[in-house]
Amino acid sequence: HCMTASETKKISFVIPCYRSEHTINTVVQEIQDTVKTKPNYDYEIILVNDASPDNVWEVICKLSENNPKIKGVCLAKNFGQHSALMAGYKKATGDYIISLDDDGQTPASETFLLVDELEKGYDVVYGFYRHIKQHIFRRLASWVNKKMAQKIIGQPKSLHTTSFFIMRRFIVNEIVRYAHPFAYISGLIFRATNSIGNVEVKHRLRLEGKSGYTIRGLLALWINGFTAFSVKPLRFATFVGIFCAIIGLIAGLYVISQKLSYPDMPIGYASTMSALLFIGGMIMLLLGLIGEYIGRIYISINQAPQYVIRETTFKDNAT
């Protein structure tokens, strides 16, 4: 069905909520104020409580009581940002679906910059920031994430991905077909379409608090993204193994030639131990990588849930 310009289109805003009881009201109000400026657009806001330790669920319940366009989803435990997004996508009913943060850093007021760019013919559009309001650690982590994504899951070099993006309905329908516990949204998007755009938006400081991502959390996210949607790390492991074998062979031939040329040359126990430690370390690293893949297969076979919904603020007739 091709929409005409006069038809009302519906935008679903999906927001994972964690430690945001003091900020989510402001974000929701900004969304409402923005959509009011465009009478041809309807909206809904889906707030997913990812087992937040604060009182954000109570805030979500109050918001949904005052506005039927606001829907609350409460997860039974902390499944992580990407699984929370998947839970929200499953409940979204809009023609366009926008993901954004609960801390006010993503500019909801610039929603229609993304909408306008999407309507040029893209399937997905990411907002990107010319000037990022993050400390050096997060910026470095984002840079590493981008480089790894380009090499492993096929992210275009010219594309800047952020947590503020818009998708068409059919892309979301494809994404929610993924039922395994290791959801990684960018990987799901890249395997669904290559019609992806960028538009510049302003990045803002958090309204309060600090990022929920620690070094451990970011490492877990990287591992998840690069083992869930690509076998390139396993191929890399093969090349590392071949490289180490070649180096070992060359070193062995060199030692033999030296011993034949200089029979009185003492055997180098230190160099032997160094080589053994290096090769042994590489073997353990690569076995660990293979074990990560096998573990994910095992967990998926056991049908570990991607998320579990404890309750919602609305009646859901979907199966």
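## A facing pair to start from

Let's begin with one spot: Ile46 sits opposite Lys71, a residue of strand β3. Keep in mind that you are looking at a predicted model. The strand lying alongside is β2, residues 41-49, and β2 and β3 run in the parallel sense, joined over five bridges.

So how do you get from one strand to the other? Look for helix α2, residues 56-66: together with β2 and β3, α2 makes a β-α-β unit, and that unit is right-handed.

## Strand β3 and its other partner

Now turn to the other pairing of β3. Strand β8, residues 309-312, pairs with β3 over three bridges, this time in the antiparallel sense. If you want a place to look, find Leu75, which stands opposite Ile309 in β8.

Is β3 enclosed or open? Check its residues, 70-75: six of the six are buried, so the strand is largely enclosed by the rest of the structure. Buried here means under 20% relative accessible area. The side that a residue points to doesn't change this: Ile70, Gly72 and Cys74 point one way, Lys71, Val73 and Leu75 point the other way, and all are buried. That includes Lys71, the residue we met opposite Ile46.

## Two helices side by side

Helix α2 has a neighbour worth a look, helix α1, which covers residues 24-35. The two axes come within 10 Å and cross at roughly 30°. Angles under 35 degrees count as roughly parallel, and α1 and α2 are therefore roughly parallel to each other. The crossing of α1 past α2 is right-handed.

Which residues do the meeting? From α1 they are Ile24, Asn25 and Val28, and from α2 they are Val56, Val59 and Leu63.

## Another enclosed piece: helix α3

Strand β3 isn't alone in being tucked away. Helix α3 spans residues 81-91, and nine of its eleven residues are buried, so α3 too is largely enclosed by the rest of the structure. The buried set runs through His82, Ser83, Ala84, Leu85, Met86, Ala87, Gly88 and Tyr89, and also takes in Lys91.

## Stepping back

Time to zoom out to the whole protein chain. You can count ten helices and eight strands in the chain. How much of the chain is buried? Of its 319 residues, 44% are.

Finally, think about who touches whom. Take the contacts between residues at least 6 apart in sequence: 85% of them join residues at least 24 apart.

Conventions
Residues numbered from 1 in each chain as written. Predicted model: local features only at pLDDT ≥ 70, side-chain atom pairs only at ≥ 80, totals over all residues. Heavy atoms only, no water. Buried < 20%, exposed > 50% of the residue type's maximum accessible area, 1.4 Å probe, protein only. Helix = DSSP H or I, 4+ residues; strand = E, 2+ residues; numbered from the N terminus. Pairing = 2+ DSSP bridges. Right-handed = clockwise from strand over helix to strand, strands pointing away. Axes fitted to C-alpha atoms, helices over the stretch in contact; angles between N-to-C directions. Parallel < 35°, antiparallel > 145°, perpendicular 65-115°, else oblique. Left-handed = near helix turned anticlockwise from the far one by under 90°. Contact = heavy atoms within 4.5 Å.
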